[in-house]
Amino acid sequence: MSSNAKAKLMLFDLDGTLYLDGVPYPGAIELIERLRKSDLEYCFVTNNSSIPSVDYCEKLRRIGFPLEPRNVLSSGDAAVLMLRTLGVKDNVYVLGTNRFRGWFEGQGFQQDEKNPDAMLIAFDKELSYAKLTNATRLVLKGVPVYATHPDVVCPPGLPDAGMLLAFFQAARPGVVIQAIAGKPHKWMCRVLEQRFGVRPEEMVMVGDRVGTDLAFACNNGMRSMLVRNGEPMPPLGNYVPSVVVPRINQMLDEFWPRNLGW
């Protein structure tokens, strides 16, 4: 989309945009260092809810990116705001990793495996048949289902939360997914508005995926940058980026937001 609003907050997808398999792309760390010295804020946004954002912060620091905890937002953070806003009570069954479940309890929710007020589907790398059975029984009982994010597969081929949503919809045809927190839905945008005090038209989403990153920008009234990093141009459908950046290091010069008039 186009906007005359001055950009104030740069949002970055992670894997495939700033780094690949934990190795930063050339210029990526320098870009974040330049942002730290500029009048632009920045935030890393990820749908991955296998770990809380505080763990992501440490991971990114180890890779070499300079940041503070406020510079990382996960779909788990957005899920907390989503559930609270939609009036979900404290008793929630979280289908997720032990680390994520422990963090979620620290946000004021109680784990209830038998009679929860709601079930939250996250990215569970520790999924077992017992956990899947318990979740299926809750769905069959009619417990409201929410999700941290809609991704079906996490690269390089891991079953993700969206695949579990399809599983439960098959278990109980007609089941309605009450709300989804992560990209491309609105809840991450709501957290960003609160955390940074900016409007969506003052945000710029930088990412490599059409169905999550570009759709997130389009659905929420943001500008967007599609970063290809040497990959072929993907089919865009209805989600047309504001600009296409061949490689992330080009954001240091010709695609620097202020050089674009943003």
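**Two sheets, a pocket and some aromatic pairs**

The count of aromatic pairs comes to nine, with Phe, Tyr and Trp rings (the six-membered one for Trp) pairing if their centres lie within 6.5 Å. This is a predicted model, where local features need pLDDT of at least 70 and side-chain atom pairs count only at pLDDT 80 or more, while totals for chains, interfaces and linings use all residues. Residues are numbered from 1 along each chain as its sequence is written, and side-chain values use heavy atoms, leaving out hydrogens and water.

**An aromatic pair**
- Tyr 19 and Phe 65 make a tilted pair, 6.4 Å centre to centre with 45° between the planes; planes under 30 degrees apart would count as stacked, over 60 as edge-to-face, and the rest are tilted.
- Tyr 19 sits in strand 2 and Phe 65 in the loop between helix 2 and strand 5, so the pair ties together parts 46 residues apart in sequence.
- Helices (H or I, at least four residues) and strands (E, at least two) are DSSP runs, numbered from the N terminus.

**The six-stranded sheet**
- Six strands form an open sheet in the order 5-4-1-13-14-15, with parallel pairing (two strands pair if DSSP finds at least two bridges between them).
- Strand 5 (72-74) and strand 15 (243-245) are the edges, each pairing on one side only.
- Strand-to-strand twist averages 25°.
- Three bridges join strand 4 (residues 41-46) to strand 5, and Val 45 has Leu 73 as its bridge partner in strand 5.
- Helix 3 (residues 75-85) packs on this sheet, touching strand 4 and strand 5, at about 65° to strand 5; contact means heavy atoms within 4.5 Å, and angles run from 0 to 180 degrees between N-to-C directions of axes fitted to C-alpha atoms, for helices over the stretch in contact.

**The five-stranded sheet**
- The order here is 7-6-8-9-12, in an open sheet with parallel pairing.
- Strand 6 (residues 91-95) and strand 8 (residues 118-121) pair over four bridges, with Tyr 93 opposite Met 119.
- Helix 4 (residues 98-105) packs on the sheet against strand 6, strand 7 and strand 8, its direction about 160° from that of strand 6.

**The lining by class**
- The largest pocket's lining has 16 nonpolar, 10 polar and 13 charged residues.
- In that split, Ala, Val, Leu, Ile, Met, Phe, Trp, Tyr, Cys and Pro are nonpolar, Asp, Glu, Lys and Arg charged, and the others, Gly among them, polar.
- A pocket is an open set of points on a 1 Å grid over the protein atoms alone, where a 1.4 Å probe fits, with protein on both sides within 12 Å along at least five of seven lines; lining residues have an atom within 4 Å of a point.
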